[in-house]
Amino acid sequence: MTSNIIFASNRLGAIDNDQLQAMLDKFKLGTLISFEKTANGAMGQTLFVTATEGNFVFKGNPLYEGQLREERFFIENLHKRTTVPVPMPYCIDDSGEIFQWNYALMPRLIGNHLNTIDFTANPNEKFVVAELIAKTLLEFHSWKATDFGDLNTYDFSINPFKESYKHWLFNRIMFWLEDAKKYSKITTEDIWWVENLLKQSEDVFEKLKTPTFIMGDFKPGNFLIFRNKDGLEISGVFDFTNSYFADPLSDLIKMVTYYIDANESDVAEHLIKVYFAELNEDIETVIKRMNVHMLHQRVLDWGCAKAMNMVTWDNNLPFYKWMEFYTNSVVNLFKLTESSQLRKCKKQFRS
């Protein structure tokens, strides 16, 4: 289920102090002090709850059956398999006694979101964060799977994608491109450009044989950064509603795009350099995969921005021209990475 794009939101609605106190009593977490909506909770499912026994995140009114069980499965496995801080324990109440739906309660993790941190005093810390992101994703992607697909929330097996991962991914891109016609002008030239990019990438996805866990939504709103006595660390990653098993490179896209849009391609280049430092990957193959994943994400972003009248670029720019900026950026990032690694090798050779 988590590989599907979810637009509908079962928001929490009105919740009162008595209900939250009943929840705290159920888990023996003391007396309610306060609660507030989470600023980054796009789905409207979460609250920050402060009690005498600690600070917690409340998540309720699931978007689909099994959402909370699925998220707990991913969190518990990542807790066992990696050193990445995740919200543990992840407790679920399925009784329906307090609310009309089931809910989860988890500890609130310390730290701040990336887009709230001021790097003016030490701009080099941006590169430290990029390195932390790369290492976090590498840990996530160390969880290998046997099939490309979604998690079955009843027996926690993997439901493989029909036909193949390539078929699922390419069809979904074309679906969202067709959907974008409802809100924007999509020309035959746009369609040709997309079809040509996919055709050129068919072989690399047909050869892709090792799916891994992917978070599916690794972005500034879903992880926290904390400054300890030794420096910066990623102090928490959360929201695994979009997680499934597929090509790990897809998890890089949202952060690469974030840095490109912020005119910080040098930071994006560092993220890529760290991520691929220990991997034996052919650069041309990687670029093809990255650009298909970039297209997958950006065609959805294009449709959403047009539908909601939230376009932040030239509204008259053709889709394929807009996409070319991002696909060319990916190519350039790998050229920069390759060049910097070559310079490093030459320097070591001379020494």
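Strands S9 and S10 form a hairpin, with two residues between them. In this predicted model, S9 covers residues 223–228 and S10 covers residues 231–237, and the two strands pair in the antiparallel sense over six bridges. One position in the ladder can be located by its partner: Arg227 has Leu232 of S10 as its bridge partner. Phe226 also belongs to strand S9. The relative accessible area of Phe226 is 30%, and this residue is therefore partly exposed, since that class lies between the buried limit of 20% and the exposed limit of 50%. Phe226 can also be related to a residue elsewhere in the chain: 109 residues separate Phe226 from Ile117 in sequence, while their C-alpha atoms are 9.9 Å apart in space.

A second hairpin is found earlier in the chain, where two residues join S2 to S3. Strand S2 consists of residues 46–51 and pairs with S3 in the antiparallel sense over six bridges. Within this pairing, Thr50 has Asn55 of S3 as its bridge partner. S3 also pairs with S5. Strand S3 (residues 54–60) and strand S5 (residues 103–107) are antiparallel and share five bridges. Two residue pairs mark this contact: Phe58 stands opposite Leu105 in S5, and Phe56 has Pro107 of S5 as its bridge partner. Strands of a sheet pair through backbone hydrogen bonds, in either a parallel or an antiparallel arrangement.

These pairings belong to a wider arrangement. Five strands make up an open sheet in the order S1-S2-S3-S5-S4, with antiparallel pairing. At the edges are strand S1 (32–37) and strand S4 (91–93), each of which pairs on one side only. From one strand to the next, the twist averages 25°. How much of S3 is buried? Five of the seven residues of S3 are buried, so the strand is largely enclosed by the rest of the structure.

The loop that precedes S4 contains a backbone feature of its own. Pro89 is found between helix H2 (67–81) and S4. The peptide bond joining Met88 and Pro89 is cis, with omega about 0°. Most peptide bonds are trans, and most residues other than glycine have a negative phi. Two loop residues carry a positive phi. Lys28, which is not a glycine, has a phi near 55°, and its place is in the loop between helix H1 (17–26) and S1. Because its relative accessible area is 70%, Lys28 is classed as exposed. Glu163, likewise not a glycine, has a positive phi of about 70°. Glu163 lies in the loop between strand S7 (158–160) and helix H4 (165–180). With a relative accessible area of 71%, Glu163 is exposed.

The loop between H4 and helix H5 (188–206) contains Lys182. Is Lys182 buried or exposed? The residue counts as exposed because its relative accessibility is 61%, and the exposed class begins over 50%. Lys182 also gives a sense of the distances spanned by the model: its C-alpha atom is separated by 47 Å from that of Gly54, and the two residues are 128 apart along the chain.

The cysteines can be considered next. A disulfide is a covalent bond between the sulfur atoms of two cysteines. How many disulfides does the structure hold? The number is zero. Two cysteines have accessibilities that place them in the partly exposed class. Cys91 has a relative accessible area of 27% and is therefore partly exposed. Cys304 counts as partly exposed because its relative accessibility is 25%.

Finally, the description turns to a pocket. The second largest pocket holds about 250 Å³ of space. Its lining consists of 13 residues, and those nearest its centre are Lys144, Thr212, Pro248, Leu279 and Glu281. Which kinds of residue make up the lining of the second largest pocket? Six are nonpolar, three are polar and four are charged.

Conventions:
Residues are numbered from 1 along each chain as its sequence is written. This is a predicted model: local features need pLDDT of at least 70, side-chain atom pairs count only at pLDDT 80 or more; totals for chains, interfaces and linings use all residues. Side-chain values use heavy atoms; hydrogens and water are left out. On a 1 Å grid over the protein atoms alone, a cavity is a set of points where a 1.4 Å probe fits but cannot get out, and a pocket is an open set with protein on both sides within 12 Å along at least five of seven lines; lining residues have an atom within 4 Å of a point. Grid points are joined across faces, edges and corners, and a volume is the space filled by probe spheres set on the points. Ala, Val, Leu, Ile, Met, Phe, Trp, Tyr, Cys and Pro count as nonpolar, Asp, Glu, Lys and Arg as charged, and the others, Gly among them, as polar. A disulfide is a pair of cysteine sulfur atoms within 2.5 Å. Buried means under 20% relative accessible area, exposed over 50%, partly exposed in between (1.4 Å probe, protein chains only). Two strands pair if DSSP finds at least two bridges between them. Helices (H or I, at least four residues) and strands (E, at least two) are DSSP runs, numbered from the N terminus. Axes are lines fitted to C-alpha atoms, for helices over the stretch in contact, and angles run from 0 to 180 degrees between N-to-C directions.
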